[in-house]
Amino acid sequence: MDKKKPFKQAPKKAVSQQPKAITPKRDYTLLLLWIVILVISAIRYRLIAVPFERDEGEYGYIGNLFLHGVAPFKDAYSMKLPGTSFMYAVLMFFFGHTNTGVHLGMIFINVATMYFLFAGFKKLYNPLVGLATASIFGLMAISYVFDGFAAHATQFICFYSSIGLFFLVEYIKSGKVRQIFLCGLMFGMAFLMKQQAVFLILFGAILLFVYLKIEKKQKLIDTIKKLFMYGTGVFIPYIIVLLIVLFAGEFKVFWLWTIQYASTYESVKSLDMIITLFNLSFIPAWGCFYYLFLLALGGILVLFWTPYTRLQKIFTLLYFIASLLVLSSGFYFRQHYFVVILPAVGLLSGIFLDFVIKKIKVIKSPSFSTVILVGIVLFTIYNNHDYYFKYSPRMVCDMSYWGNPFNATQEIAKYIKDNTKDTDKIAVLGSEPEICFYADRTSASGFLYTYPLVEIQPYNEIMQEQMIKEIEKNKPPFLVFCNVAFSWLAQKGSPTTVMNWANKYIQANYTPVGFADFFNNRGWHIYWGDDSKNRLPNPESVIYILKRNPGM
């Protein structure tokens with residue numbers, strides 16, 4: 001019997017150690033961003049009924065003309081390019097031809113601005129900086145100290161420039177050349193919103209040159225080609241406007257208002273006046289957001305001690321300078337002008353927070369930075385909670401524009417609308433275009449503002465004569481005469497032709513049917529019919545509503 005050989009076991013193979021799966025760090029910044037967006041959108045929604053002020057009235061009125069097929073500068077004159085009025089037309093098309101419709105649409109504009117700021121700066125710096133920029137911008141840009149509830153041109157500058165910044169960062173990160181063109185196109189659209197955005201265009205061009213020539217060391221000819229592509233994008237929106245006004249036969253009017261007259265629009269020359277105007281806007285803003293301005297100042301101070309790359313530091317510094325130049329154009333420093341610098345304030349604040357948190361080595365939790373930022377957001381909301389959650393739209397309007405008639409013009413316009421036909425034209429002697437907008441009636445004159453008529457500039461007498469001729473030709477059934485200082489701001493030595501004519505023309509052709517007057521202790525009140533005849537208005541601040549006499 002054969003002995004069986006013992007069974008040999010196969011040698012054991014060495015068991016390879018499987019690498020442990022690396023759990024990616026959870027990034028909660030996008031979730032936090034949407035929470036902040038929802039809170040800010042809720043605040044904006046609560047304030048959508050704030051009445052239009054005169055700039056909004058102008059944009060809304062011209063935007064309404066666009067929706068009816070009227071070319072820019074045909075029936076409404078303005079030294080502003082038509083970009084913001086175009087945006088109003090878009091918002092009114094989707095959300096309704098009212099102040100609430102436009103303000104509702106602004107919620108989506110604000111959301112998009114915050115998202116693109118977050119996406120761009122998250123990619124260029126890090127998630128904390130992106131979240132800080134978007135959150136701080138959103139909270140500050142809605143504040144009453146910057147007229148943030150209103151749909152000003154500066155909000156649209158931020159909208160388009162945030163998209164331009166996003167495409168600029170995309171090019172730096174991906175190298176896709178089409179991003180250069182898209183960046184230029186967005187900055188070109190920002191320029192259409194308000195001409196001061198030209199400094200953002202220069203920022204884009206300088207940064208591209210630095211990146212291509214110094215960082216990437218490209219040949220000069222390649223750099224020029226890419227800058228040409230950027231410039232092509234910049235000029236396309238303006239060229240489209242030129243073609244529209246050219247084919248509409250309004251190029252002469254366009255040139256007069258946006259080039260000739262605009263070039264005479266004087267900047268503030270007195271240093272004392274510059275400081276006064278700056279303080280009028282900045283001191284209330286400091287009172288609300290001093291801690292955010294201090295964070296931004298800290299960001300400037302520590303910028304060159306951060307571990308960021310040279311390009312990131314140059315980007316930050318150039319963007320801050322460009323934003324300052326946009327704000328400072330003309331040195332008027334109106335409240336809503338500050339909106340254009342808020343993305344830079346958010347960016348610098350984020351850089352400072354990032355720097356400080358990285359220096360605190362005892363705290364290693366990656367979520368600590370977001371906790372700090374959430375604390376800042378919550379403190380900002382608490383610090384402004386009355387405005388964010390309590391004040392009514394009318395109270396906000398009075399708080400921001402005390403002495404201006406914006407809470408009264410809606411009722412005035414309703415009376416006119418109820419007592420006129422759709423085809424009737426109305427005249428407003430004063431700078432209150434929101435009346436024509438609310439009444440949904442065409443202005444009897446293309447002069448929506450009377451400011452240019454009473455400024456010291458070479459076209460004032462010609463403009464006054466033209467306004468007189470247009471009103472006399474159209475014989476409006478209603479004329480609104482605004483004896484309100486804010487509605488004229490007449491400069492010493494300006495012609496008085498239109499005022500002398502108005503006194504005679506009104507006496508000969510119109511009868512008062514009501515008036516609205518303002519007293520500092522009680523605001524604006526409106527009186528109609530017999531009630532208006534039995535009262536004496538405040539002669540220093542009154543709006544007369546006048547009806548054309550039969551047969552005149």
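**Figure 1. Glu-170 pairs with Lys-123 in this predicted model.** At 15% relative accessibility, Glu-170 counts as buried, because the cut-off for buried is under 20%. Lys-123 reaches 39% and therefore counts as partly exposed. The side chains of Glu-170 and Lys-123 meet in a salt bridge, with an N to O distance of 2.5 Å. This pair links distant parts of the chain: Glu-170 sits in helix H6 (residues 153–174), and Lys-123 sits in helix H4 (residues 99–124). The two residues are 47 residues apart. Side chains of opposite charge can pair when their charged atoms come close.

**Figure 2. Lys-80 and Asp-55 form a buried salt bridge.** The N to O distance between the two side chains is 3.4 Å. Lys-80 lies in the loop between helix H2 (54–67) and helix H3 (83–95), while Asp-55 belongs to helix H2. They are 25 residues apart, and the pair links distant parts of the chain. Are Lys-80 and Asp-55 buried or exposed? Both Lys-80 and Asp-55 are buried.

**Figure 3. Asp-354 and Lys-358 pair within helix H13.** Their side chains meet in a salt bridge at 3.2 Å, N to O. Both residues lie in helix H13 (residues 342–359). They are four residues apart, about one turn of the helix. Asp-354 has a relative accessible area of 7%, so this residue is buried. Elsewhere, salt bridges that share partners join Asp-55, Glu-58 and Lys-80 into one network. The structure holds 12 salt bridges.

**Figure 4. Phe-289 sits in the largest nonpolar core.** This core has 156 residues. Which residues touch the most other members? They are Phe-146, Phe-289 and Phe-315. Helix H6 gives the most to this core, with 14 residues. Leaving aside residues up to four places away in sequence, Phe-289 touches Leu-139, Met-140, Ser-143, Val-145 and Phe-146. Phe-289 also touches Thr-380, Asn-384 and Tyr-388. Another core, of 23 residues, lies apart from the largest one. Its members include Phe-447, Met-467, Phe-481 and Ile-506.

**Figure 5. Eight side chains, from Phe-235 to Ile-259, are shown as a nonpolar surface patch.** The patch covers about 810 Å². Phe-235, Ile-239, Leu-243, Leu-246, Phe-247, Phe-251, Trp-255 and Ile-259 make it. Which helices each supply at least two residues of the nonpolar patch? They are helix H9 (220–247) and helix H10 (251–264). H9 contributes the largest share, five residues. Ile-239 is one of the patch residues and lies in helix H9. Its relative accessible area is 40%, so Ile-239 is partly exposed.

**Figure 6. Strand E4 pairs with both E5 and E6.** Seven of the 10 residues of strand E4 (residues 510–519) are buried, so E4 is largely enclosed by the rest of the structure. E4 and strand E6 (residues 542–548) run antiparallel and are joined by seven bridges. In this pairing, Ala-516 of E4 stands opposite Ile-543 in E6. E4 also pairs with strand E5 (residues 523–528). That pairing is antiparallel too, over six bridges. Here Phe-519 stands opposite Gly-523 in E5. How many residues lie in the hairpin that joins E4 to E5? The hairpin runs through three residues.

**Figure 7. The whole protein gives the setting for the close-ups, with 21 helices and six strands.** Its C-alpha atoms fill a box of roughly 140 × 60 × 55 Å, taken along the principal axes. The protein has 552 residues, and buried residues make up 55% of them. Contacts between residues at least 6 apart in sequence often span long stretches of chain: 75% join residues at least 24 apart. The accessible surface comes to about 26,600 Å². Carbon and sulfur atoms account for 64% of that surface.

Conventions:
Residues numbered from 1 in each chain as written. Predicted model: local features only at pLDDT ≥ 70, side-chain atom pairs only at ≥ 80, totals over all residues. Heavy atoms only, no water. Salt bridge = Lys/Arg side-chain N within 4 Å of Asp/Glu carboxyl O. Buried < 20%, exposed > 50% of the residue type's maximum accessible area, 1.4 Å probe, protein only. Core = buried A, V, L, I, M, F, W, Y, C linked by side-chain atoms within 4.5 Å. Contact = heavy atoms within 4.5 Å. Patch = residues over 30% accessible without salt bridge, like charges linked within 9 Å, V, L, I, M, F, W, Y side chains within 5 Å. Areas by Shrake-Rupley, 256 points an atom, 1.4 Å probe, with all protein chains shown as cover. Pairing = 2+ DSSP bridges.
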